[in-house]
Amino acid sequence: MRIALRIALAASAALLTLGVAQAQEKTLRIGTEGAYPPFNNLTSDGQLVGFDVDIAKALCDEMKVKCTFVAQDWDGIIPALQAGKFDAIVASMSITPERAEKVDFTHKYYNTPSAIAVPKDSPLKGVTKEDLAGKNIGVATTTTHYNYASKTYTDSTIKGYPSSPEEQADLANGRLDAIEDDIVVLQQWLDSPDGACCKILGQPSPQPVDIFGPGAGIAVRKGETDLVNKLNTAIDAIRKNGKYKEINDKYFKFDVYGAES
């Protein structure tokens, strides 16, 4: 009798352990920056919000897994993924060959262009290399915008910043002549009281794919092909079932997905 009871208890414990492991497998840890509104932002009470966050939640719902979110500074976001701090990056990360050497990407989940903003009283008339020669340009480091600015505006002084809010503040306070960033991020700032100082001067053209990539994708650790495939399937599904449009329309007046690829 005691032996049978021990066997039953052991079997129950094994099932419980298996159940816990399966539950753990169904939790996807998402890393995002929290300093790139309207795509991702950290509220005063510590909540991560924004387009990236809502998209990630929709993808987790589609895959029938639980999502948890981790705020991570941009400069360390790929090393943190590689170290296992989270399982996927949903943080408006442009798909580029350089990053693809370190992580695996899904296909894009949105694609918006780069733009240049300046003070409203700026004498600047254009966004070419010649137009911005001798000027101080602020750009968030380790971004495609920084790579483009450094490569293109070689006659300007490129100043790197940890994230968009810092470069915006320096432009507003007269410490910069211009900043480069995603046009949606810039427009949201310009529409706020803090951005009333400034305006969009124009969009750099052309915007080479070898620098900007085909759009923003979700990054996972190298070799996690199964997760990439599941995320790609989920992205396609929310595009088709209307959930993507619902989230898109919450933040934007146009389809940020860009051209179908």
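A disulfide here is a pair of cysteine sulfur atoms within 2.5 Å. The model is predicted: local features need pLDDT of at least 70, side-chain atom pairs count only at pLDDT 80 or more, and totals for chains, interfaces and linings use all residues. Residues are numbered from 1 along each chain as its sequence is written, and side-chain values use heavy atoms, with hydrogens and water left out.

**Exercise 1. Disulfides**

Find the disulfides and give the handedness and burial of each.

Solution.

Step 1. Search the whole structure. The search returns 2 disulfides.

Step 2. Take Cys-60 and Cys-67. Their sulfur atoms are 1.8 Å apart, and the two residues form a disulfide. The torsion about this S-S bond is about 55°, so the link between Cys-60 and Cys-67 is right-handed. Cys-60 and Cys-67 are both buried. Buried means under 20% relative accessible area, exposed over 50%, and partly exposed in between, with a 1.4 Å probe and protein chains only.

Step 3. Take Cys-197 and Cys-198. A disulfide joins them, at 2.4 Å from S to S. The S-S torsion is -90°, and the link is left-handed. Cys-197 has 27% relative accessibility, so it counts as partly exposed. Cys-198 has 4%, so it counts as buried.

Step 4. Write the pattern. With bonded cysteines counted along the chain, it reads 1-2, 3-4.

**Exercise 2. Two buried residues**

Place Gly-195 and Ser-164 in the secondary structure, then list their contacts.

Solution.

Step 1. Fix the elements. Helices (H or I, at least four residues) and strands (E, at least two) are DSSP runs, numbered from the N terminus. Gly-195 sits in the loop between helix H7 (183–190) and strand S12 (198–202). Ser-164 belongs to helix H6 (residues 164–172).

Step 2. Check burial. Gly-195 has a relative accessible area of 0%, so it is buried. Ser-164 has 2% relative accessibility, so it too counts as buried.

Step 3. List contacts (heavy atoms within 4.5 Å). Leave aside neighbours within four places in sequence: Gly-195 then contacts Trp-189 and Leu-190. Not counting residues up to four places away, Ser-164 touches Ala-35, Tyr-36, Ala-140, Asp-181 and Val-185.

Step 4. Add a distance. Gln-168 is 27 residues from Gly-195 in sequence, and their C-alpha atoms are 7.8 Å apart.

**Exercise 3. Rings and charges**

Classify the pairs Tyr-109 with Tyr-110 and Phe-252 with Phe-254, then locate the charges over Tyr-257.

Solution.

Step 1. Set the criteria. Rings of Phe, Tyr and Trp (its six-membered ring) pair if their centres lie within 6.5 Å; planes under 30 degrees apart count as stacked, over 60 as edge-to-face and the rest as tilted.

Step 2. Search the whole structure. There are 14 aromatic pairs.

Step 3. Classify. Tyr-109 and Tyr-110 are 5.4 Å apart, centre to centre, with 80° between the planes: edge-to-face. Tyr-109 and Tyr-110 are both buried. Phe-252 and Phe-254 are 6.1 Å apart, centre to centre, with 40° between the planes: tilted. Phe-252 is at 6% relative accessibility, so it counts as buried. Phe-254 is at 44%, so it is partly exposed.

Step 4. Join the rings. One aromatic cluster includes Tyr-36, Tyr-109, Tyr-110, Phe-252, Phe-254 and Tyr-257.

Step 5. Add the charges. A charge sits over a ring if NZ of Lys or CZ of Arg is within 6 Å of the ring centre and within 35 degrees of the ring normal. Lys-108 lies over the face of Tyr-257, 4.4 Å from the ring centre. The charged end of Arg-239 sits over the ring of Tyr-257, at 3.9 Å from its centre.
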